[in-house]
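Trainee: I should like to take a close look at a single part of this model, beginning with its cysteines. Please then relate that part to what surrounds it.

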Amino acid sequence: MITSFFISVCKDSFFRLSILYKIIYNFAKKYPLPLSKTFNDPVRIPENNDWVIFILIGCIFLYIFMMNVIEREANLKDFLFQKYFDSSNNLPNWIITSVVFVFVMSALISQYVPVIPRLITENQIFGYHLNKFGYTLAVVSLFYFARTSLSFLFYHSIGDGKKWNIFYFTSTKMQFVISILLMMLCIMHYYFPVEKNKMFEIYVVAFSFVFIFKVLFYMFHKNNILPQKWYYKFLYICTLQIAPLLMLWKLLFF
């Protein structure tokens, strides 16, 4: 008996709602609202930047692994101010910081690359070709590998092979700091409203200052990481610092 009463109440409620819906529908059709004719509801397609988050998470994981496993739970201050003769596992640290630096640098500047060369777009593999990030990553990786190989050959050709280990130990600290700053810039660039044209000019000026600071840092560092003779220093700065950067600029932006 209670069930039949409940069913009858539901039927009556649905009947009343249907009548109310018809009344509202007919009224709205006959007397439309003034703003209804100009109302526009465009579909917003947000830009998908999940790949940036994946890169940053991977880089952070590599640094956590380096600090906790390779450096045996060293803190940031001990790592940055560590002396060469007290250090260990310098090669794995240098490889990790180099990989992180290349990835975050490519992620930041890839969106400013105007076009991908026709040679890359025409030669597809299984119907796919490199996008701007893939092309930038390939170019920056090639640039970094070539400059590192030439630096290694340079130090050993002038009979200063022992300084090569001190050189990449010192450069690891600088790359670590710069890569952290690049991660912050990636977050600001991809997830905050910024004017890309103005930011590109700021990036160029900032990278120029960083480059000058890096050269001065290498020249006057207490570890004497550059060759002693002044013409070798001049040769290193011109051929292994300035020339590769000009080539990198040409490959990416021309």
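Why is the sulfur of Cys 59 in no bond with the closest cysteine sulfur, and in which residue does that closest sulfur lie?

Mentor: The model is predicted, and the answer rests on a distance computed from it. The closest cysteine sulfur to that of Cys 59 belongs to Cys 186, and the two are 8.6 Å apart, which is too far for a bond. A disulfide requires the two sulfur atoms to be within 2.5 Å, so the pair does not qualify at 8.6 Å. Seen from the other side, Cys 186 is likewise in no disulfide, its nearest cysteine sulfur being that of Cys 59. The structure as a whole holds zero disulfides.

Both residues are buried: Cys 59 has a relative accessibility of 4%, and Cys 186 has a relative accessible area of 0%.

The setting of each cysteine can be described further. UniProt, in an unreviewed entry, places the feature "transmembrane region" at several stretches, among them residues 51–70 and 176–194. Cys 59 falls within the stretch 51–70, over which the chain is 100% helix and 0% strand, with end C-alpha atoms 27 Å apart. Cys 186 falls within α7 (161–191), one of the elements that give two or more residues to the lining of the largest pocket.

That pocket has a volume of about 890 Å³. Its lining comprises 38 residues, and Met 105, Phe 207, Phe 211, Leu 245 and Leu 248 lie nearest its centre. The largest share, ten residues, comes from α8. By class, the lining divides into 30 nonpolar, six polar and two charged residues.

The helix α7 also contributes to the second largest pocket, where it gives the most to the lining, with seven residues. This pocket holds about 570 Å³ of space. Of its 19 lining residues, those closest to the centre are Leu 80, Thr 170, Lys 173, Phe 217 and His 221. The lining consists of twelve nonpolar, four polar and three charged residues. Both α7 and α8 supply at least two residues to it.

A contact between charged side chains may be set beside the cysteine pair. A search of the whole structure finds one salt bridge, in which the side chains of Glu 195 and Lys 198 meet at 3.5 Å, N to O. Here the partners are exposed, Glu 195 at 51% relative accessibility and Lys 198 at 53%.

Methods:
Residues are numbered from 1 along each chain as its sequence is written. This is a predicted model: local features need pLDDT of at least 70, side-chain atom pairs count only at pLDDT 80 or more; totals for chains, interfaces and linings use all residues. Side-chain values use heavy atoms; hydrogens and water are left out. Buried means under 20% relative accessible area, exposed over 50%, partly exposed in between (1.4 Å probe, protein chains only). A salt bridge is a side-chain nitrogen of Lys or Arg within 4 Å of a carboxyl oxygen of Asp or Glu. UniProt positions are given in the numbering used here, feature names are shortened, and annotations may be inferred rather than shown by experiment. Helices (H or I, at least four residues) and strands (E, at least two) are DSSP runs, numbered from the N terminus. On a 1 Å grid over the protein atoms alone, a cavity is a set of points where a 1.4 Å probe fits but cannot get out, and a pocket is an open set with protein on both sides within 12 Å along at least five of seven lines; lining residues have an atom within 4 Å of a point. Grid points are joined across faces, edges and corners, and a volume is the space filled by probe spheres set on the points. Ala, Val, Leu, Ile, Met, Phe, Trp, Tyr, Cys and Pro count as nonpolar, Asp, Glu, Lys and Arg as charged, and the others, Gly among them, as polar.
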